Amino acid sequence: ISSLPFVSTSYLIPSSSASAERQYRDPEKREECESDPLCASTGGKIMPISALTCVELANVVLGEHLGEISVPFLCMVAREDVVVKNEGSHRLMEEAASTDKEMKEYDALHGLLCEPKPLIDVIHGDLLAWIDKRSS
């Protein structure tokens, strides 16, 4: 336990999937993400606390309760994502109890909102249409 603070801030594994080029296709938006002062720079390595948190949330906490999700939701999936596995999204769609659930898949990288035109226009349009339909 005494070494936990050191482990949580050390790098776990080098990961090419963590590189901005593999996550954000639009160069301007990529630069914006890379220069964001609130974004931690890990030099392309995944930190254990981040990896642990993601695994814990996805598999243990949320995974056991997917069938209890009954609120409307839109699941937007990037087919070319190398950061996360899309199987979880498909499992969510299958198991969620919600009767108002929709999945949209795009030939995009992890950062869906960092795709160039014309794809970003399609993504924005789908998102806004989904919200509009439920707020009328």
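User: With which residue does the side chain of Glu-115 share a polar contact of 2.8 Å?

Analyst: The model is predicted: local features need pLDDT of at least 70, side-chain atom pairs count only at pLDDT 80 or more, and totals for chains, interfaces and linings use all residues. Residues are numbered from 1 along each chain as its sequence is written, and side-chain values use heavy atoms, without hydrogens and water. A polar contact is a pair of N or O atoms within 3.5 Å; within protein, one must be able to donate a hydrogen and the other to accept it, and residues adjacent in sequence count only if both atoms are side-chain atoms. The side chain joined to that of Glu-115 belongs to Arg-25.

User: Is Glu-115 buried or exposed, and what is its relative accessible area?

Analyst: Glu-115 lies in the loop between strand E4 (101–106) and helix H6 (119–135); helices (H or I, at least four residues) and strands (E, at least two) are DSSP runs, numbered from the N terminus. Leaving aside residues up to four places away in sequence, Glu-115 touches Arg-25, Asp-26, Lys-29, Ala-108, Leu-109, Ile-120 and Ile-123, where contact means heavy atoms within 4.5 Å. Buried means under 20% relative accessible area, exposed over 50%, and partly exposed in between (1.4 Å probe, protein chains only). Glu-115 is buried, because its relative accessible area is 2%.

User: Within what arc do the buried residues of H5 fall?

Analyst: In helix H5 (residues 87–95), the buried residues are Ser-89, Leu-92 and Met-93. They line one face of the helix, because, seen down the axis of H5, they fall within an arc (taken from the directions from the helix axis to the C-beta atoms) of 95 degrees.

User: Which residues are exposed on the other side of H5?

Analyst: The buried residues of H5 have cover that includes strand E3 (73–78) and E4. On the other side of the helix, the exposed residues are Glu-87 and Glu-94.

User: Which element gives the most to the largest nonpolar core?

Analyst: A nonpolar core is a set of buried Ala, Val, Leu, Ile, Met, Phe, Trp, Tyr and Cys residues joined through side-chain atoms within 4.5 Å. The largest has seven residues: Leu-66, Phe-73, Cys-75, Val-77, Leu-92, Met-93 and Ala-96. Two or more residues come from each of E3 and H5. With three residues, the element that gives the most is E3.

User: How many helices and strands does the protein have?

Analyst: Along the sequence, the pattern is α-β-α-α-β-α-β-α-β-α. The protein therefore has, by the DSSP runs, six helices and four strands.
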